[in-house]
Amino acid sequence: MPPYRKYVRKWFLLNAEVGPAPFSPADVANLELWLDGSDSSTITLDGSNNVSQWDDKSGNSGRDAVQATVARRPPLGTINGVQALDFDGIDDLLTVTHGSWANLSSYSIYGVVSMDDTSLAFRAWIGKEATVATRKFIIGNDGSTGLFYNSVLETVNVSKASTYANNVPVLISAHKDGNTTARAYVNGSASSADTTVTTGTEAADIAIGAGAVGSYLWPGQVGEILIYDTHHDNTTRGLIEAYLKAKWGTP
């Protein structure tokens, strides 16, 4: 066998053993924010083992989630044994600095979360508002439904009973197509009909573990958050939700 053929054969054998690379959220275009609680390399802990910074993995710059106030930093927890951040529902939250990328006329937002106490009303695991009138989005629950808000007058409601239960991890995705329609999905299944919505023009920072900076504070765990600045079709949504489900063990 000529020497070069031996090396070519070895290359093919090695690549056959390795197989295709695993799916990554970064394989999908228009990824604006990726926070992954399972990745310890993205988490900075202070002297009390609370999270002072959660690094963005999207490849964009200046989008890390931070908390400068020591008393407001969440500790680590788990979701189905996988490392996550554990927000107390009292004062813990992180913020991502607003930029033009976050204007989000269309979006697909994914989150893996768990709620400690569903009796607490008006709580959110992500949001962007300074005033209700200019609200961009809030995803969480109110007193009777699981929901995500798009503006002061427009909400997309889903069944709270099938969305949040105490200490039960859930995969939520919220999708908005321009100023036309929005829909929510819970564990991969549609939990609302297409709803006509509008959104505000909010320039506030994005809150993680809250619906706004200082309000709607989340009592529970946040494992992973993905934000894309486009509305995903069912095929793309299915790819991302399958990745999250396999990783976090959601239903």
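A polar contact is a pair of N or O atoms within 3.5 Å; within protein, one must be able to donate a hydrogen and the other to accept it, and residues adjacent in sequence count only if both atoms are side-chain atoms. This is a predicted model, where local features need pLDDT of at least 70, side-chain atom pairs count only at pLDDT 80 or more, and totals for chains, interfaces and linings use all residues. Residues are numbered from 1 along each chain as its sequence is written, and side-chain values use heavy atoms, with hydrogens and water left out.

**Two buried residues**

Arg-63 has such a polar contact: its side chain meets the side chain of Glu-32 at 2.5 Å. Arg-63 sits in the loop between β3 (51-54) and β4 (65-66). Strands here (E, at least two residues) are DSSP runs, numbered from the N terminus. Buried means under 20% relative accessible area, exposed over 50%, and partly exposed in between (1.4 Å probe, protein chains only). Both residues in the table count as buried.

| Residue | Place | Relative accessible area |
|---|---|---|
| Arg-63 | loop between β3 (51-54) and β4 (65-66) | 11% |
| Tyr-149 | strand β11 (residues 145-149) | 13% |

Contact means heavy atoms within 4.5 Å. Leaving out residues up to four places away in sequence, Arg-63 touches Glu-32, Leu-33, Asp-56, Val-96 and Trp-101. With that exclusion, the residues that Tyr-149 touches include Tyr-107, Phe-122, Lys-136 and Glu-154. Lys-136 is 13 residues from Tyr-149 along the chain, and their C-alpha atoms are 7.9 Å apart.

**Strand β9 and its partners**

Strand β9 (residues 123-128) is largely enclosed by the rest of the structure, because six of its six residues are buried. Two strands pair if DSSP finds at least two bridges between them. β9 runs antiparallel to strand β10 (residues 137-141), with five bridges joining them. Ala-124 has Gly-140 of β10 as its bridge partner. Two bridges link β9 to strand β17 (residues 206-208), again in the antiparallel sense. There, Gly-127 stands opposite Ala-207.

**Nonpolar cores**

A nonpolar core is a set of buried Ala, Val, Leu, Ile, Met, Phe, Trp, Tyr and Cys residues joined through side-chain atoms within 4.5 Å. The largest one has 38 residues. Trp-54, Trp-125, Ile-126, Ile-139, Tyr-164, Ile-206 and Ile-208 touch the most other members. Strand β8 (residues 107-115) gives this core its largest share, four residues. Another core, of 15 residues, lies apart from it. Leu-31, Leu-171, Leu-244 and Trp-248 are among its members. In soluble globular proteins, nonpolar side chains tend to be buried together.
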